[in-house]
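Colleague: I'm new to reading models like this one, and I'd love a close look at a single part. Could you pick one helix and walk me through what surrounds it?

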Amino acid sequence: MAMGMEQALANQVIKVTEAIEADLDREIQKLDKLDDDDMEVIRAKRLQQMKKESEQRRDWIQKGHGEYHEIASEKEFFEQTKDSPRVVIHFSRPTTLRCEIVDKHFKLLAPKHMETKFVKLNVEKAPFLTERLNIRVIPTILTFKDSVTNARLTGFDQLGGVDDFSTEMLAWRLGQSQSINYKGPTEPPVNGGAAKKKHVNILKGRRTIRDDDSEGDSDD
């Protein structure tokens, strides 16, 4: 019985291999039939595509893509989201240690995904936006497409609930909302498994912002 199954599997592998080889043969035949004029057309199209990509990249760089930087004011927030089709914003606070973790990953993602602008905004400098966008947990990541919010990552819960989530995990999550051109696996990456985070409520006037970097405090 086992021998029969092994033989059937071997036959299946042979069939798949033959099919792949047949596809390759057909592609090679197509290339063999191309004359110099055809090759010149293909070359011209490729050069045109490369020129367009280069111009697009230059435009992105002029708009601040390719590097992770901080927005200085609420006014600049509106300018940034209007200027670029895809923007990822880290709502942070200098005293929140977990914001440094987000900073580290964004510094790696920004140059790899030129198609998207990565910025951060200090919530203490943006009380109007913090209230309007319902920012209650720090760090919070909002993604914008054509000036409209299309995804929200609150704390690290959607990144595995651990501090040592990978850059790939964050990229995968951003890819789910098409905030970046993610070309990795469809399944979420596996994280390292650091200690779970704890939350502490920080009262500010009538608003409550849940700080996501307390290791020893309990919720108020």
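Modeller: Here is a tour of one helix, its partners and the core around them. This is a predicted model, where local features need pLDDT of at least 70 and side-chain atom pairs count only at pLDDT 80 or more, while totals for chains, interfaces and linings use all residues. Residues are numbered from 1 along each chain as its sequence is written, and side-chain values use heavy atoms, with hydrogens and water left out.

Let's take helix α4, residues 98–112. (Helices, H or I with at least four residues, and strands, E with at least two, are DSSP runs numbered from the N terminus.) α4 has 15 residues and spans 22 Å from its first C-alpha to its last, close to the expected 21 Å. (The expected span is 1.5 Å times one less than the number of residues.)

Now, which of its residues are tucked away? The buried residues of α4 are Arg98, Cys99, Ile101, Val102, Asp103, His105, Phe106, Leu109 and Ala110. (Buried means under 20% relative accessible area, exposed over 50%, and partly exposed in between, with a 1.4 Å probe and protein chains only.) A handy thing to keep in mind: an α-helix has 3.6 residues a turn, so residues three or four places apart point the same way.

Start with Asp103, a charged member of that list, which is buried at 11% relative accessible area. Asp103 forms a salt bridge with Lys120, and the closest N and O atoms are 3.2 Å apart. (That means a side-chain nitrogen of Lys or Arg within 4 Å of a carboxyl oxygen of Asp or Glu.) The pair joins distant parts of the chain, since Lys120 sits in strand β3 and Asp103 in α4, 17 residues apart. Lys120 counts as buried too, with 19% relative accessibility.

By the same rule the count comes to five salt bridges. Another one involving β3 is Asp83 with Lys117, where the closest N and O atoms are 4.0 Å apart. Asp83 is in helix α3 (residues 74–83) and Lys117 in strand β3 (residues 117–122), so this pair ties together parts that are 34 residues apart in sequence. Its two ends sit differently: Asp83 is partly exposed at 35%, whereas Lys117 is buried at 1%.

Next, the rings. The structure holds six aromatic pairs. (Rings of Phe, Tyr and Trp, using its six-membered ring, pair if their centres lie within 6.5 Å; planes under 30 degrees apart count as stacked, over 60 as edge-to-face and the rest as tilted.) Tyr68 and Phe106 have ring centres 5.4 Å apart and planes at 85 degrees, so they pair edge-to-face. Tyr68 is in the loop between α2 (36–62) and β1 (69–71), 38 residues from Phe106 in α4. Tyr68 is buried at 14%, and Phe106 is buried at 0%.

Phe106 also has a ring partner in Phe118, again edge-to-face, with 5.1 Å centre to centre and 70 degrees between the planes. That pair links α4 to strand β3, twelve residues apart. Phe118 is buried as well, at 1%.

Both rings show up again in the largest nonpolar core: of its 21 residues, Phe106, Phe118, Phe165, Leu170 and Leu174 touch the most other members. (Such a core is a set of buried Ala, Val, Leu, Ile, Met, Phe, Trp, Tyr and Cys residues joined through side-chain atoms within 4.5 Å.) α4 and α6 (167–176) are the elements that give two or more residues to this core. Apart from it lies another core, of 16 residues, including Val87, Leu133, Ile138 and Phe144. In soluble globular proteins, nonpolar side chains tend to be buried together.

Phe165 brings us back to the helix. Leaving aside neighbours within four places in sequence, Phe165 is in contact (heavy atoms within 4.5 Å) with Ile101, His105, Phe156, Leu159, Leu170 and Asn191.

Finally, look at His113, which sits in the loop between α4 and β3. His113 is buried at 11%. Not counting residues up to four places away in sequence, His113 touches Phe118, Ile180 and Asn181.
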